[in-house]
Amino acid sequence: MYVVVQHRILNPETAFPRGQALIDGIGAPDGTRVLQFYPHVDGSAVTCLWETKSVEDVQRFADTTLGDSSINVCYEVDSEKAFAERPLGLRPSSAPAA
């Protein structure tokens, strides 16, 4: 399944270094990996797309990793209605494939 996470960043100086573990998949539940990462230009918010087995896996991973530096809202994507095309100008992921 696909899950979107909307992070409201409360402390960018803490959240972004911690968030690198999310991007790198350090401690990620089996079958869970980030596919897309969209940070706000001012660092106040980030939206990510994940591939996972459950919303709860991503919620727990994000909450545990980011702690009190971010408020994380996770929801399952309706894959029947969703669409995606890689926008021009965005680099490919450097994250390892699962």
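In this predicted model, Glu56 belongs to helix 2, which spans residues 55-66. With a relative accessibility of 49%, Glu56 is classed as partly exposed, because that class lies between the buried limit of 20% and the exposed limit of 50%. Glu56 is separated from Met1 by 55 residues in sequence, and the C-alpha atoms of the two residues are 12 Å apart in space.

Helix 2 also takes part in the largest nonpolar core. This core comprises 14 residues, and those with the most contacts inside it are Val3, Val5, Leu22, Cys48, Trp50, Val58 and Cys74. At least two core residues are supplied by each of strand 1 (2-9), helix 1 (12-24), strand 3 (45-51) and helix 2. Helix 2 gives the largest share, with four residues. In soluble globular proteins, nonpolar side chains tend to be buried together.

The surroundings of Trp50 were examined further. Leaving aside residues up to four places away in sequence, Trp50 touches Met1, Tyr2, Val3, Val5, Leu22, Thr32, Arg33, Val34, Leu35, Val58 and Phe61. Among these contacts, Val3, Val5, Leu22 and Val58 are, like Trp50, listed with the most contacts inside the core.

Empty space was also considered. The second largest pocket holds about 210 Å³. Its lining consists of Tyr2, Val4, Gln36, Leu49, Val77, Ser79, Ala82, Phe83 and Ala84. Seven of the lining residues are nonpolar and two are polar, while none is charged. Tyr2, one of the lining residues, is also among the residues touched by Trp50.

Key: Residues are numbered from 1 along each chain as its sequence is written. This is a predicted model: local features need pLDDT of at least 70, side-chain atom pairs count only at pLDDT 80 or more; totals for chains, interfaces and linings use all residues. Side-chain values use heavy atoms; hydrogens and water are left out. On a 1 Å grid over the protein atoms alone, a cavity is a set of points where a 1.4 Å probe fits but cannot get out, and a pocket is an open set with protein on both sides within 12 Å along at least five of seven lines; lining residues have an atom within 4 Å of a point. Grid points are joined across faces, edges and corners, and a volume is the space filled by probe spheres set on the points. Ala, Val, Leu, Ile, Met, Phe, Trp, Tyr, Cys and Pro count as nonpolar, Asp, Glu, Lys and Arg as charged, and the others, Gly among them, as polar. Buried means under 20% relative accessible area, exposed over 50%, partly exposed in between (1.4 Å probe, protein chains only). A nonpolar core is a set of buried Ala, Val, Leu, Ile, Met, Phe, Trp, Tyr and Cys residues joined through side-chain atoms within 4.5 Å. Contact means heavy atoms within 4.5 Å.
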